[in-house]
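Here is a short set of exercises to work through with the model open beside you. Try each task before you read its solution.

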Amino acid sequence: MSSIALDAPVGIDARLGWDPKVEAHDRKRALAREIVAARLGVDERDVLINREAPGSFGFHTQLIAEIDGEVVPLTIRNISFRAATVVAVGDAGRIFGLDLRDAQPDPETLAEIRRHSHLFNEDDTAALVRHWTRVQAVRDADGRGTRVAAEHVRLHAGGRRGWIPDRRARYDVVDLSRDGWVITLATARPASDED
């Protein structure tokens, strides 16, 4: 599988990998290993990628990196869609979320997006997909995922900032799209930067 670096904000490294012959499970671990090794200046063979232990039923576990049996203090997020995977790695405690979609969605995906969209012009497929990935990235960063209805996510005009009304957190929304994939990263803004 080959991968390419994405233009993520300072402090976050992200890569897109695509290979229909490699399972998502293996793609995300390979990308995470590649990023962590490059970030820490170690050989990829020295990095072990595992899933954290679930804290409770329904808990979405995240990937963790280990070197010599010690957990590396980094935050790893990933998203897969069909044969593509994006992995982003940031400093420990950094809050961010991802979403990834095909720029040309199938009719079922497009119908789902239209059902939950806030956009007035539902005939603009590109705008709908961009909007949807932004909403999903904010939901992912929030940590509650699908427990928050997509309709509850709010985006500023232009879609560069988002939030969920029942929480104070605000997110910067960054487009990382590449090679026919719509990719969005939402990063928590420091409390001092809130609008």
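**Exercise 1. Two sides of a helix**

Task: Find which residues of α2 are exposed, and which are buried.

Solution. Begin with the outside: P107, E108 and R115 are exposed on one side of α2. Here exposed stands for over 50% relative accessible area, buried for under 20%, and partly exposed for anything in between (1.4 Å probe, protein chains only). Helices (H or I, at least four residues) and strands (E, at least two) are DSSP runs, numbered from the N terminus.

Next, turn to the other side of α2, which covers residues 107–116: its buried residues are T109, L110 and I113. Looking down the axis of α2, you find these buried residues within an arc of 100 degrees, so they line one face of the helix. The arc is that of the directions from the helix axis to the C-beta atoms. As background, an α-helix has 3.6 residues a turn, so residues three or four places apart point the same way.

Then ask what lies over that face: the cover includes α3. Finally, check the start of α2, where a side-chain oxygen of D106 comes to within 3.2 Å of the backbone nitrogen of E108.

A word on the model: it is predicted, local features need pLDDT of at least 70, side-chain atom pairs count only at pLDDT 80 or more, and totals for chains, interfaces and linings use all residues. Residues are numbered from 1 along each chain as its sequence is written, and side-chain values use heavy atoms, with hydrogens and water left out.

**Exercise 2. The sheet and its helix**

Task: Work out the order of the strands in the five-stranded open sheet, and say which strands stand at the edges.

Solution. First, the order is β8-β12-β11-β10-β9, with antiparallel pairing. Two strands pair if DSSP finds at least two bridges between them. Second, β8 (96–102) and β9 (154–155) each have a single partner strand, so one side of each is left without a neighbour in the sheet. Third, find helix α3 (residues 125–142), which packs on the sheet and touches β8, β9, β10 (161–163), β11 and β12. The direction of α3 makes about 150 degrees with that of β8; axes are lines fitted to C-alpha atoms, for helices over the stretch in contact, and angles run from 0 to 180 degrees between N-to-C directions.

Fourth, zoom in on β11 (residues 170–175) and β12 (residues 181–188): five bridges join these antiparallel strands. V173 stands opposite A186 in β12.

**Exercise 3. Two charged side chains**

Task: Is D99 buried or exposed, and what does the side chain of R167 meet?

Solution. Start with D99, in strand β8. D99 has 2% relative accessibility, so it counts as buried. Contact means heavy atoms within 4.5 Å; leaving out residues up to four places away in sequence, D99 touches residues including W132, Q136 and I183. Its side chain also makes a polar contact with that of R101 (3.0 Å). A polar contact is a pair of N or O atoms within 3.5 Å; within protein, one must be able to donate a hydrogen and the other to accept it, and residues adjacent in sequence count only if both atoms are side-chain atoms.

Now move to R167, in the loop between β10 and β11. R167 is partly exposed, at 37% relative accessible area. Apart from neighbours within four places in sequence, R167 contacts D142 and R144, and a polar contact of 3.1 Å joins the side chains of R167 and D142.
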